[in-house]
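Colleague: I would like to understand how the terms used for this structure are decided. Could you take me through a few of them?

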Amino acid sequence: MKILSKTRLENVFNKLNETAEVFVPMQRGEQSGFYPWQTFAAGSDKLWLEALNVYLPPKNVVFPQTERMYNIKQEGQDVKIDETYEDSKSRVIFGARACDVKGITCMDDVFLTRGYEDSFYKARRQATTIIANACYAPGIACFCSAMGVKYVDPEGADIIIRDIGDGYVWETITEKGEMLTARIADLLEEREVTLPEPKPFQQDVNYDGVAEKLKGMFEHPLWDKLSQTCQNCGICTYVCPSCYCFDIQVKMYGNEGYRFRCWDSCMYEEYTREAGGGNPRPASKERFRNRFLHKLEFFKERYGHPLCTGCGRCTVVCPAGISIVKIIDAVKEADTDA
Ligand code: SF4
Ligand code: SF4
């Protein structure tokens with residue numbers, strides 16, 4: 001088995017950093033997320049590979065919160081595109097958990113399949129190598145397994161690392177992973193180890209049949225009750241590893257400017273407001289219902305799996321205590337005969 005000793009982690013980051021931007025999980029002040037290794041401040045940042053879920057998932061590496069798309073120039077009635085910003089700089093995500101890797105593969109479905117390829121996403125995604133950190137002790141809010149995520153054998157990763165205490169078992173999965181492994185091969189050692197036994201989940205979640213049952217529940221009174229406390233703050237969408245809604249805006253300086261896209265949230269009233277003033281989701285209830293139907297029903301119908309990876313972040317951050325787990329339970333228990 002190939003092993004990466006924890007004493008050599010920084011050497012690996014430094015080596016990879018010579019040719020790629022390396023994103024690692026860190027605690028930074030009150031915040032935690034995947035930040036570039038070259039910004040690591042030894043006195044104040046903490047490298048946090050043991051964390052099950054840092055506050056922000058690494059989706060911004062392939063789908064940035066704000067992204068310039070192209071420059072534009074207005075000449076009379078014509079608008080010319082000057083320069084596009086398809087960003088193919090090499091990047092490495094080091095230590096993503098299975099739920100976050102699944103979040104990225106959900107975005108692959110959206111941006112790269114069904115007859116359309118988003119060139120901005122594609123450029124970043126192709127240049128990104130994912131090293132997943134297998135989970136052996138699911139956290140209090142985790143329920144990824146119920147959503148079909150293989151937490152011990154993360155799918156979609158180029159390399160999988162497994163924590164064995166003093167180091168990580170290093171398993172190369174894809175060709176991209178092999179190229180990366182070749183760069184740091186002299187920092188790995190050969191040793192036989194026993195892998196840990198995965199611990200059980202701390203909560204029981206049963207998603208079986210939920211997508212199918214939701215098909216007949218669009219007008220169900222349960223949405224009035226469940227959405228009552230939602231403040232439409234949108235934080236659940238921003239911390240979610242699989243939410244991908246965005247808006248496209250323009251910034252002009254005289255007759256020159258640029259278009260950019262930035263994350264949006266279906267929880268906002270403006271999200272579906274139309275130019276003529278109409279809005280198909282004017283109230284909190286409609287937006288709330290849409291979010292959970294999209295996560296649990298619509299996406300599964302289109303792509304064969306839910307748009308929730310069971311990371312538990314939205315249940316932890318919601319100021320109103322709304323939990324997708326409780327929504328799944330409520331749907332299971334709902335009376336649909338009336
Ligand atoms: S975090 Fe909670 S209150 Fe805020 S929009 Fe999401 S469900 Fe509603
Ligand atoms: S919906 Fe909530 S639990 Fe599911 S992936 Fe998004 S943040 Fe995680």
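**How the labels are reached**

Modeller: Gladly, and let us start in a loop: N232 sits between α7 and α8 (235-238). Keep in mind that this is a predicted model.

Colleague: Why is N232 called partly exposed?

Modeller: A residue is buried with 20 or more other C-beta atoms within 10 Å and exposed with 12 or fewer. N232 has 18, so it is partly exposed. N232 also has a positive phi of about 50°, although it is not a glycine.

Colleague: Which residues surround ligand 1?

Modeller: N232 is one of them, and the shell also includes C230, C233, C236 and C318. Others in it are Q231, G234, I235, M267, P319, A320 and I322.

Colleague: How does the shell around ligand 1 divide by class?

Modeller: There are nine nonpolar residues, three polar ones and no charged ones. Cys counts as nonpolar and Gly as polar in this scheme, so the cysteines of the shell, C230 among them, go with the nonpolar group and G234 with the polar group.

Colleague: And what is found around ligand 2?

Modeller: Its shell has seven nonpolar, four polar and two charged residues. Of the 13 residues there, C240, C308, C311, R313 and C314 come nearest. Arg counts as charged, so R313 belongs to the charged class.

Colleague: What makes R114 exposed?

Modeller: R114 has 10 C-beta neighbours inside 10 Å. The limit for exposed is 12 or fewer, so R114 counts as exposed. R114 lies in the loop between α3 (98-112) and α4 (119-126), and it has a positive phi of about 65° without being a glycine.

Colleague: How do you know that β1 and β10 are paired?

Modeller: Pairing needs at least two bridges. β1 and β10 (residues 167-172) have three, in the antiparallel sense, so they pair. Within that pairing, S5 has G167 as its bridge partner, and I3 has V169.

Colleague: What joins β1 to β11?

Modeller: Two bridges join β1 (residues 2-5) to β11 (residues 189-190), and these strands run antiparallel. The requirement is at least two, so this also counts as a pair. I3 takes part here too, with E189 as its bridge partner in β11.

Colleague: How many bridges link β9 and β10?

Modeller: Five, again antiparallel, with I159 partnered by T172 of β10. The hairpin they form has three residues between the strands, and G165 takes a positive phi near 100° there.

Colleague: Why does I164 count as partly exposed?

Modeller: I164, in the loop between β9 (159-163) and β10, has 18 C-beta neighbours inside 10 Å. That value falls between the limits of 12 and 20, so I164 counts as partly exposed. Beyond its neighbours within four places in sequence, I164 is in contact with V169 and V193. The C-alpha atoms of I164 and L195 are separated by 6.7 Å, though these residues are 31 apart along the chain.

Colleague: How do you know that the span of α9 is close to what is expected?

Modeller: Helix α9 (residues 284-303) has 20 residues and reaches 27 Å from its first C-alpha to its last, against an expected 28 Å. There is still a kink of about 55° centred on H294. Just after α9, G304 takes a positive phi of about 90°.

Colleague: What covers the buried residues of α9?

Modeller: The cover includes α6 (210-214), α7 (222-227) and α11 (324-333). Among the buried residues are F288, F292, L296 and F299, along with R287 and K295.

Terms used: Residues are numbered from 1 along each chain as its sequence is written. Chains are lettered from A and ligands numbered from 1 in the order in which they are written. This is a predicted model: local features need pLDDT of at least 70, side-chain atom pairs count only at pLDDT 80 or more; totals for chains, interfaces and linings use all residues. A residue is near a molecule or strand if its C-beta atom, placed from the backbone, lies within 6 Å of it. Helices (H or I, at least four residues) and strands (E, at least two) are DSSP runs, numbered from the N terminus. The expected span of a helix is 1.5 Å times one less than its number of residues. The bend at a residue is the angle between axes fitted to the seven residues ending there and the seven starting there. Two residues are in contact if their C-beta atoms, placed from the backbone, lie within 7 Å.
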